[in-house]
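Biologist: I would like a close look at one part of this protein. Please start from a single residue and work outwards.

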Amino acid sequence: MTDRASTKLYIQHPTEPTIKLVGILEQLEPAKPLEAEVTSSRHKDYLFQRRLAVKLPLDSFRFDFRGNHETGGVWKQGALADDLVDLQAVVDYLKSTYGYVIELLVGHSRGSIVAFRWIATTEDGRKVSAFVNASGRYRMAVQSPAGTVWKEHFAKHGSYTWHVTVARQKIVAKITPEDLQNFYDALIYARALSDRTPGTHTLHLMEDADHNFTGRQDDVVDAIIQWWDLRGAERLRRGSGLLGSRGNYDNK
């Protein structure tokens, strides 16, 4: 296996003259850049990002948003518009300096929300063919009509019986209040994303994992790598696939 070349980059921010976005470029073959993965999160070595970078079979770049870790500036709560500018600046630099084509985007938490927005609203984002969303919050405090119905059943019966189609298979799921808190939003997005044409969506659930996957970060990396390998082998089916893990990786 070829040793990776790891290079720290300082990217001049396009709207903040005193700020440079700091990140790590991991290259399989430095002389032949082609496809790259970009990771967005609180900072470049937060949680599983570094472990993922050394296992993916493509070049990768992970960086710090403004106000985080080694990148200058003031940290701001909910400054998603600023994060979008940072992400675009990174993509522009990788394209113009190295000639990269962005193949995969991986985001965690706030980074996932930013990545989702960037993919949906920019020309560069629309060209990205793969996206990993880890612990992305979707609706925050927003309550949907379906959630209201579920809560009414919780009050009367303690649970709700949900008839749903996943990966073209009809299943019956028993939803409890704990389930609503943990993955209801994920199921909403699974249903919406699986309706795209073309495209696939895979939902991976990790039992007992917290928002930051404490003690489970290798499981996250393994799940992403397995999904990436299935994608490369064209074994992902159109629609929504459901994967789950409990300690060891377990396909379902």
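Modeller: Let's begin with Gln 49, which sits in helix H1, residues 49-53. Bear in mind that this is a predicted model. Gln 49 has 1% relative accessibility, so it counts as buried, the cut-off being under 20%. Its C-alpha atom is 9.1 Å from that of His 108, although 59 residues separate Gln 49 and His 108 along the chain.

His 108 leads on to a strand pairing. The bridge partner of His 108 is Ala 134, in strand E6. Strands E5 and E6 run parallel and are joined by 5 bridges. E6 covers residues 130-134 and has two faces. Ala 130, Val 132 and Ala 134 make up the covered face. Phe 131 and Asn 133 make up the uncovered one.

Next comes another glutamine. Gln 88 lies in helix H2. Its relative accessibility is 18%, under the 20% limit, so Gln 88 also counts as buried. The side chain of Gln 88 makes a polar contact with the side chain of Trp 118, at 2.7 Å. Leaving aside residues up to four places away in sequence, Gln 88 touches Trp 118, Thr 122 and Asp 124.

Now take the view from Trp 118. With the same sequence neighbours left out, Trp 118 touches Leu 84, Leu 87, Gln 88, Val 91, Leu 105, Asp 124, Gly 125 and Val 128.

Trp 118 also belongs to the largest nonpolar core, which has 20 residues. Trp 118 is among those with the most contacts inside this core, along with Phe 61, Leu 87, Val 90, Leu 94 and Leu 105. Several elements each supply at least two residues of this core: strands E1 (5-12), E2 (20-27), E4 (59-64) and E5 (101-108), and helices H2 (80-98) and H3 (110-121). H2 gives the most, with 5 residues.

There is a second, separate core of 18 residues. Among its members are Leu 58, Val 132, Met 206 and Ile 225. Two of these names connect to elements worth a look. Val 132 is on the covered face of E6. Ile 225 is one of the buried residues of helix H7.

H7 runs over residues 217-232, 16 residues in total. From first C-alpha to last, H7 reaches 23 Å, close to the 22 Å expected at 1.5 Å a residue. Its buried residues include Val 220, Val 221, Ile 224, Trp 227, Trp 228 and Leu 230. Gln 217 and Asp 219 are buried in H7 too. Just after H7, Glu 234 takes a positive phi of about 55°.

Terms used:
Residues numbered from 1 in each chain as written. Predicted model: local features only at pLDDT ≥ 70, side-chain atom pairs only at ≥ 80, totals over all residues. Heavy atoms only, no water. Core = buried A, V, L, I, M, F, W, Y, C linked by side-chain atoms within 4.5 Å. Buried < 20%, exposed > 50% of the residue type's maximum accessible area, 1.4 Å probe, protein only. Helix = DSSP H or I, 4+ residues; strand = E, 2+ residues; numbered from the N terminus. Contact = heavy atoms within 4.5 Å. Expected span 1.5 Å × (residues − 1). Pairing = 2+ DSSP bridges. Polar contact = N/O pair within 3.5 Å; in protein donor to acceptor, adjacent residues only side chain to side chain.
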